[in-house]
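The following note sets out numbered points on the structure shown below. Each point is kept to a short paragraph, for reading alongside the coordinates.

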Amino acid sequence: MNIAVYCSAKDIIPEEYLALGDELGKWLAENGHTLVYGGATGGLMSRVSNAARAAGGEVIGVVPRRIIEAGRLAKNCTKIHKVASMSRRKQKMREIADCFVCLPGSYGTLDEMYDVIASGTVGEHRKPIIILNYKGFYEGLKAEAAHMKELQFLPEQEHYMPLYVETMEDVKTILNDIK
């Protein structure tokens, strides 16, 4: 299964968050999955891709021109799709992936996450998105969604919803169930 992972590219974050990338990348490879990610260096992106490659996994990078020009193209990809822009990166990753996993991240991660959710909401795909709410990292997003639902900006019964989980074991269980 092709699993897109969205996550932080920052190096200076707590080690316990970086270790999530090691754990997920290794597990993906050991379970025969292909990692699809942004193809850049830094932070969780490097950790998840390095761990997948070290465990013998396939790694597909989808890299915008600006990332390449900035000298941040990862060297560990088994396949690279070079794209013109961040928008095209999101589109290509949605096309390639069978499902999505969001680890902690910043604006870029949120942008990718919401792109998948919005496109799923309008019926462009039915691919699951799993959001790791490690140590409550995404509690604010969950609260905002509840607020939008309370005010009826979101329907009571959504047809496409992200799956929030609390542990990496939960992520693995859901991915195993998708097979």
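1. In this predicted model, valine 36 has isoleucine 60 of strand 3 as the residue standing opposite. The contact belongs to a parallel arrangement in which strand 2 is joined to strand 3 (residues 58-64) by four bridges. Between these two strands the chain passes through helix 2 (residues 43-54), and the β-α-β crossover so made is right-handed.

2. Is strand 2 covered on one face or on both? Both faces are covered: Thr34 and Val36 are buried on one side, and Leu35 and Tyr37 are buried on the other.

3. Strand 2 (residues 34-37) also pairs with strand 1, in the parallel sense and over three bridges. Two of the facing positions may be named: asparagine 2 stands opposite threonine 34, and isoleucine 3 stands opposite leucine 35. Together with helix 1, these strands make a right-handed β-α-β unit.

4. Strand 1 (residues 2-6) is mostly covered, with four of its five residues buried. Besides strand 2, it has strand 5 (residues 99-102) as a parallel partner, here over four bridges. Within that pairing, alanine 4 has phenylalanine 100 as its bridge partner.

5. The aromatic side chains deserve a separate point. Four aromatic pairs are found when the whole structure is searched. In one of them, the ring centres of tyrosine 17 and tyrosine 134 lie 5.2 Å apart and the ring planes stand at 85 degrees; because planes over 60 degrees apart count as edge-to-face, the pair is assigned to that class. Tyrosine 17 belongs to helix 1 (residues 15-30), whereas tyrosine 134 is in the loop between strand 6 (129-132) and helix 6 (139-150), so the pair ties together parts that are 117 residues apart in sequence. Both tyrosine 17 and tyrosine 134 are buried.

6. Phenylalanine 137 and tyrosine 138 form another edge-to-face pair, with 4.8 Å from centre to centre and 80 degrees between the planes. How do the two residues stand in accessibility? Phenylalanine 137 has a relative accessible area of 36% and is partly exposed. Tyrosine 138, at 2% relative accessibility, falls under the 20% limit and therefore counts as buried. Tyr17, Tyr134, Phe137 and Tyr138 form one aromatic cluster.

7. The loop between strand 6 and helix 6 also holds lysine 135. Its phi is near 50 degrees, a positive value in a residue other than glycine. Lysine 135 is exposed, with a relative accessible area of 61%.

8. A positive phi is likewise found at glutamine 152, again a residue other than glycine, where the angle is near 70 degrees. Glutamine 152 is placed in the loop between helix 6 and strand 7 (163-165). With a relative accessible area of 69%, glutamine 152 is exposed.

9. Turning to the pockets, the largest has a volume of about 360 Å³. Its lining comprises 18 residues, and those nearest the centre are Ile117, Ala145, Leu154, Glu158 and Pro162. Which helix gives the most to this lining? Helix 6 does, with six residues; helix 5 (107-121) and helix 6 each supply at least two. By residue class, the lining of the largest pocket divides into 13 nonpolar, two polar and three charged residues.

10. The second largest pocket has a volume of about 260 Å³. It is lined by 20 residues, of which Cys7, Ala9, Met45, Arg89 and Gly108 are the closest to its centre. Strand 1, helix 4 (86-96) and helix 5 each contribute at least two lining residues, and the largest share, four residues, comes from helix 5. The lining of the second largest pocket divides into 11 nonpolar, five polar and four charged residues.

11. Some elements recur across these points. Strand 1 pairs with strand 2 and with strand 5, and strand 1 also supplies at least two residues to the lining of the second largest pocket. Helix 5 supplies at least two residues to the lining of the largest pocket and four to that of the second largest pocket.

Notes: Residues numbered from 1 in each chain as written. Heavy atoms only, no water. Phe/Tyr/Trp six-rings, centres within 6.5 Å; stacked < 30°, edge-to-face > 60°. Buried < 20%, exposed > 50% of the residue type's maximum accessible area, 1.4 Å probe, protein only. Pairing = 2+ DSSP bridges. Right-handed = clockwise from strand over helix to strand, strands pointing away. 1 Å grid on protein atoms, 1.4 Å probe; cavity = no way out; pocket = protein on both sides within 12 Å on 5 of 7 lines; lining within 4 Å. Points joined across faces, edges and corners; volume = space filled by probe spheres on them. Nonpolar A, V, L, I, M, F, W, Y, C, P; charged D, E, K, R; others polar.
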